[in-house]
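Colleague: I'm new to reading models like this one. Could you walk me through it?

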Number of protein chains: 2
Amino acid sequence: MPRQVDYEDRRRRIAEAVCTLIARSGMEAVSLRDVAAQAGVSMGAVQRCFRTKQDMLLFALEHISQHVSERAEQRIAATSTPQAASTLLSHTLAELALLDEESKTQAQVWLAFVTHAPASEKLAAVLRDTYAKLHGLIAWLIRYGQDTREVPQHLDPDREAHTLLALADGLTAHVLAGHHAPATALAILQRHIDHLLEEASDRD
Amino acid sequence: MPRQVDYEDRRRRIAEAVCTLIARSGMEAVSLRDVAAQAGVSMGAVQRCFRTKQDMLLFALEHISQHVSERAEQRIAATSTPQAASTLLSHTLAELALLDEESKTQAQVWLAFVTHAPASEKLAAVLRDTYAKLHGLIAWLIRYGQDTREVPQHLDPDREAHTLLALADGLTAHVLAGHHAPATALAILQRHIDHLLEEASDRD
DNA sequence: CACGTTCTGATGCACTTGCATCGTATCCGG
DNA sequence: CCGGATACGATGCAAGTGCATCAGAACGTG
């Protein structure tokens, strides 16, 4: 048997290099040579890991999709001290909005892929799956909040989840565009959630 | 004097060619040759109009920014039969969300520029200006609605405008990503607006 | 009608791109 | 300790890139 290489690990390394470069100068501007240099491997190694550039980009998208989903899921699952459903909702959405400075790269990459989705069905498929998963997550949180009586019963969890998700993504874009500071975006998001919670105690 | 050429018109033609190509395959993937072919002029003509590729892209962004802003403003100004403030608000936002099929290209281009804004201060500046203008427009509409008593007085127009704008942009992204059909996105947007309007008649 | 100015589009050029190739270094089972 | 399978990285290659250049066409003016 030949020399052993942890391919999964290398693929992940390369994927992160790809993300770094995408954030720096756009999705089509990443070249195999630059990726190799950024990842600290040779060009040949990159070509061995991914048969084509498209494959590489697709893997990078799946990589960060998984990353984002996992962060949100862990935020929910690993909550040792049981939190109020409402704060859980706030924190999860804040995380999904990728507002903190460290997530900026991920936000840029995510948006780059969304932009190219209409031009590539494979990209679009990954994005649809991820969005569906995230929507399910948020809707579940809302239902949980309704169980604990923190969220008004008359709200439709699915509809509200759609609104929340779109709002979060829109704020992400606005922060990238420089229209909002991250803190401002967070405040807007929080205000909308507060609105949902306190609203219509008269109808309940 | 030499042969007369309408440069403004040509620049606009080229800008639209650029947008078409950006929508087709991304922002860095547009080449001067392709732009020239798409616009039906020679490469030399393109180079005479724009000193550099960056200039060309920047002009294209300004072009569609103006296009989007103008559409929204006209929707408001040219309303011959005075409409209810609420429907005006709905229609304007629906237009800003670029949801109809013909606006898909513009949505893609817009998102492409947002994605690259962090990498180019000049792009970011144009985006900031446009967003500021749109925000002002929406806030104005809300205040107008408050004057006509259609919109609850206790709402902060600026805050609600921020939320609405972010929601619209988020829905645009979701449609591009294939997560929503345009009609669905429109419904979500409309529902949020309805919510704003009917809400809290008890507090007024 | 010719002049001179402006504009044009083809071509050149240096460079980068994605991908294929290939000799060599690296490892493991025997 | 060695045979052979495997991964490596350098190099090659055709295609495409942005931009510069330039001979000539196209025009308004004298």
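Modeller: Sure, starting with how copies are compared: they are superposed by least squares on the C-alpha atoms of residues with pLDDT of at least 70 in both, where pLDDT is the predictor's confidence in each residue, from 0 to 100. This is a predicted model, so local features need pLDDT of at least 70 and side-chain atom pairs count only at pLDDT 80 or more, while totals for chains, interfaces and linings use all residues; side-chain values use heavy atoms, leaving out hydrogens and water. Residues are numbered from 1 along each chain as its sequence is written, with chains lettered from A and ligands numbered from 1 in the order in which they are written.

Colleague: What rotation superposes chain B on chain A?

Modeller: Generally, two copies of a chain are related by a rotation about an axis and a shift along it. Here the rotation is 180°, with 0.0 Å of shift along the axis and an RMSD of 0.0 Å. The two copies are thus related as by a two-fold rotation axis. In chain B, Gly170(B) has the C-alpha nearest the axis, 1.9 Å from it.

Colleague: And how confident is the predictor in chain A?

Modeller: Chain A averages a pLDDT of 91, and 93% of the residues score at least 70.

Colleague: What does UniProt annotate at residues 8–68 of chain A?

Modeller: The unreviewed entry has "domain: HTH tetR-type" there, though such annotations may be inferred rather than shown by experiment. The end C-alpha atoms of that span lie 19 Å apart.

Key:
Helices (H or I, at least four residues) and strands (E, at least two) are DSSP runs, numbered from the N terminus.
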